[in-house]
Amino acid sequence: MRILFYDTHVIVCEKAAGELSEGEGTAALPALLAQAMAEAGEQTSVYPVHRLDRETVGVMVFARTREAAAALSAAMGTDAFAKEYLALCHGRPEEDAATLTDLLYFDRRRGKSFVVDRRRAGVKEAVLDYTCLRSAGDYTLLRVRLHTGRTHQIRVQFASRRHPLAGDRRYGAPKSEFSTVALAAHRLTFPHPVTGESMTFTAELPDWAAE
C-alpha cells in the first residue's frame, strides 16, 4: 500500500496485490491506512467506498468522514466517478474496441461469478468498454472502463469469451509465469466530496503492462 494523496476528507492510495480493500482486520486497507496516518501524526477514521479484488492492484479512494463517504458513494453511479483498468488477457478479442454487456450471478458458496442468460434473484447487469492496446505472443493488453462494479466483473466477462486474464486460474487461465491476476486499477477519477473538484490519480504501470 502506498498513499498518493490525502486531505481532511479523503485518502487516495495504491493497493498492492494480496491486500484486502475492506474489512476490519489489521491486514485490511482501512486499518493499514489508519496506522500510516497515525504514524504521520494524524488520527483518523477510514471508510471504504468501493472495492478491488484481493488479487487486483491499483488506485483506490477512501473517505475520512461519514459525510465524505456518503458523497463519494452517491457519485459512484455517475460519469463523474470513473474507473479505468489495465488487463492482460489470453488471445485477442474479435473486436479491437467494444462494449460488453452481460448478466452476472455471484455464487457466494463457490466464490465465483457466472454469466447467465436470464434475470433472476441475485442476477445483475454488468457493462464495460474495452480497447485493445497491443498484442504480443499469446497476450493482449486491454484498457477497460467499467460502467458497473460487479464482483470479478472484468475477469468473468473476458473469461466467458475465452479470453481469461493472465494468471487468473479461477476463471480458466492456463498455468503461466504470472503469480497473480494481471489486472490493475490504473486510473481513478472522482469529484472531491466537499469542493466537487474533479480529481484524477494514476497508478504506476505494472511490469506486465510496460512497453
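In this predicted model, strand 8 (residues 123–136) lines up with strand 9 in the antiparallel sense, and eight bridges hold the pairing. One spot to look for is Tyr 130, whose bridge partner in strand 9 is Val 144. The two strands make up a hairpin, with two residues sitting between them. Gly 137 belongs to that turn, and its phi is positive, at about 60°.

Strand 9 has another partner as well: strand 5 runs antiparallel to strand 9, and eight bridges join the pair. Here Ala 87 can be found opposite Leu 142 of strand 9. As for its surroundings, strand 9 (residues 139–146) has six of its eight residues buried, so the rest of the structure largely encloses this strand. Buried, in this case, means under 20% relative accessible area.

Next comes the empty space inside. Rolling a probe the size of a water molecule over the atoms reveals where such space is left. The structure turns out to hold one cavity of 30 Å³ or more, and the volume of the largest cavity comes to about 40 Å³. Its lining is made up of His 50, Leu 52, Val 59, Lys 83, Glu 84, Tyr 85, Ala 185, Arg 187 and Leu 188. Sorted by class, that lining includes five nonpolar residues, three charged ones and one polar one. Strand 5 (82–90), already met as a partner of strand 9, shows up again here: strand 5 and strand 10 (183–191) each give at least two residues to the lining of the largest cavity.

Notes: Residues are numbered from 1 along each chain as its sequence is written. This is a predicted model: local features need pLDDT of at least 70, side-chain atom pairs count only at pLDDT 80 or more; totals for chains, interfaces and linings use all residues. Side-chain values use heavy atoms; hydrogens and water are left out. On a 1 Å grid over the protein atoms alone, a cavity is a set of points where a 1.4 Å probe fits but cannot get out, and a pocket is an open set with protein on both sides within 12 Å along at least five of seven lines; lining residues have an atom within 4 Å of a point. Grid points are joined across faces, edges and corners, and a volume is the space filled by probe spheres set on the points. Helices (H or I, at least four residues) and strands (E, at least two) are DSSP runs, numbered from the N terminus. Ala, Val, Leu, Ile, Met, Phe, Trp, Tyr, Cys and Pro count as nonpolar, Asp, Glu, Lys and Arg as charged, and the others, Gly among them, as polar. Buried means under 20% relative accessible area, exposed over 50%, partly exposed in between (1.4 Å probe, protein chains only). Two strands pair if DSSP finds at least two bridges between them.
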